Amino acid sequence: MKVMVVGGGGREHAIIKKIKKSPRVSEIYALPGNGGIASDATCVDIGAKDLENIVKFAKENAIEFAVVAPDDPLVLGLVDLLRAEGIPCFGPDKKAAIIEGSKAFSKDLMKKYQIPTAAYETFTEMENALAYLDTCKIPVVVKADGLALGKGVIIAETLEAAKQAVKDMMEDKVFGDSGSKVVIEEFLTGPEVSVLSFTDGKTLVPMVSSMDHKRALDGDKGLNTGGMGTVAPNPYYTEEIAERCMKEIFLPTVEAMNKEGRTFSGCLYFGLMITEDGPKVIEYNCRFGDPETQVVLPLLDSDLFEIMEHVAAGTLAEADVNFADDAACCVVMASEGYPVSYEKGFEIKIDDVEDVYIAGAKLSADGRLLTNGGRVLGVTERGADIAEAIEKAYNSVKRVTFDNAFYRNDIGAKALAALNEK
């Protein structure tokens, strides 16, 4: 079967490497892909938001199945356009993708259907938002309503910082139209957990839980990034918590979307915080997380492409979905200076490491793989437990080299500490 994967980062590379193993997949095209993905799929130079040309390519090349991975094309309605041409897709349509596309929508959904989340208010007028902040307990969270490349959430430690965040979003438009509406919500405390799930709108199957590391520097210091590494499973996500999440959050969310006429089909991502009052939703994503995908999919023992076909057909209940009982660790290797400014164009050398997921790289004219982004790649290893997975991942990191390489040295340390507390 000829398959098209839309996107060009480490998440897409992980998806492509996994579906490539399926006997049902004969050809894979990545739009646009990247220099590393080119070793596992045919890359086509069409951007993920160029909906018209993506659809044109799919029709002209007789694509039989599409995986739409990034948030932007999902929110813009690419799945709707492809399905209108008779091409089955893994990913939600535009009406369902709003669960990530608008934070105000998702917060209102949770309030309406009593899904546990932080208390909040939504504002379209800056003066009202600033006045409301005077009544808030600090720290407080300020969120741009729309998509902002994962950077539209500000945890303000002071009232001044909170007001500046509102002005940056609503007056200075640092996130464009995404900040014309803001959500201000209470600051929750507790361990964070990411849970990706397969759902066809009727059945929901959670994947292995994971723990992301957003800060750039060791000890969770420095600026927020798109993610410096992950481990799975997350030790804070106990069986008891998992049961509560299924009953209080996961299934109620799927049912709420159905009641709103926005049936969700694809990968529904739950960003959770385990508070003293139990698990609460921090955010929803309408797609696989990055870099959570790079530790979750290596633990999937089943055929990912078959699962995706079942999701698209509405028959997920019939799918074989099994995850291994061991663990995985992904260490992200970035360019020095990320996430602010960094140099590009350094050659990447990989010495006998299998699970390397390329995010920001391009091929030179003579076929060398060169750095071409802030987050360059992720190195993933599996182990019998988290400690072994971490050790193996860092050993493999030493065999992946490029000038100006930068990575955290403590990915998984919090997970090990949590296990030691038990």
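**Figure 1. Helix 1 on the sheet of the predicted model.** Helix 1 (residues 10-19) lies across strand 1, strand 2 and strand 4 (65-68), and its direction is at about 165° to that of strand 1. Helix 11 (residues 304-313) also packs on the sheet, where it touches strand 1, strand 4 and strand 5. The direction of helix 11 makes about 95° with that of strand 4.

**Figure 2. Strand order and pairing in the open sheet.** The sheet has 5 strands in the order 3-2-1-4-5, and the pairing is parallel. Strand 3 (42-43) and strand 5 (89-90) are the edge strands, each paired on one side only. Strand 1 (residues 2-7) and strand 2 (residues 27-32) run parallel and are joined by 6 bridges. In strand 2, P32 stands opposite G7.

**Figure 3. Contact of helix 5 with helix 6.** The axes of helix 5 (residues 94-101) and helix 6 (residues 103-112) come within 6 Å and cross at roughly 95°. The two helices, helix 5 and helix 6, are therefore roughly perpendicular to each other. Helix 5 contributes I98, I99, E100 and G101 to the contact, and helix 6 contributes K103, F105, S106 and L109. These residues divide into 4 nonpolar, 2 polar and 2 charged.

**Figure 4. Surroundings of the cysteines C245 and C329.** With a disulfide taken as a pair of cysteine sulfur atoms within 2.5 Å, the count is 0 disulfides. The closest cysteine sulfur to that of C245 belongs to C267, 15 Å away and too far for a bond. C245 is buried, with a relative accessible area of 0%. C329 is in no disulfide, and the nearest cysteine sulfur, that of C330, is 7.1 Å away. C329 is buried, with a relative accessible area of 0%.

Notes:
Residues numbered from 1 in each chain as written. Predicted model: local features only at pLDDT ≥ 70, side-chain atom pairs only at ≥ 80, totals over all residues. Heavy atoms only, no water. Axes fitted to C-alpha atoms, helices over the stretch in contact; angles between N-to-C directions. Helix = DSSP H or I, 4+ residues; strand = E, 2+ residues; numbered from the N terminus. Parallel < 35°, antiparallel > 145°, perpendicular 65-115°, else oblique. Contact = heavy atoms within 4.5 Å. Nonpolar A, V, L, I, M, F, W, Y, C, P; charged D, E, K, R; others polar. Buried < 20%, exposed > 50% of the residue type's maximum accessible area, 1.4 Å probe, protein only. Pairing = 2+ DSSP bridges.
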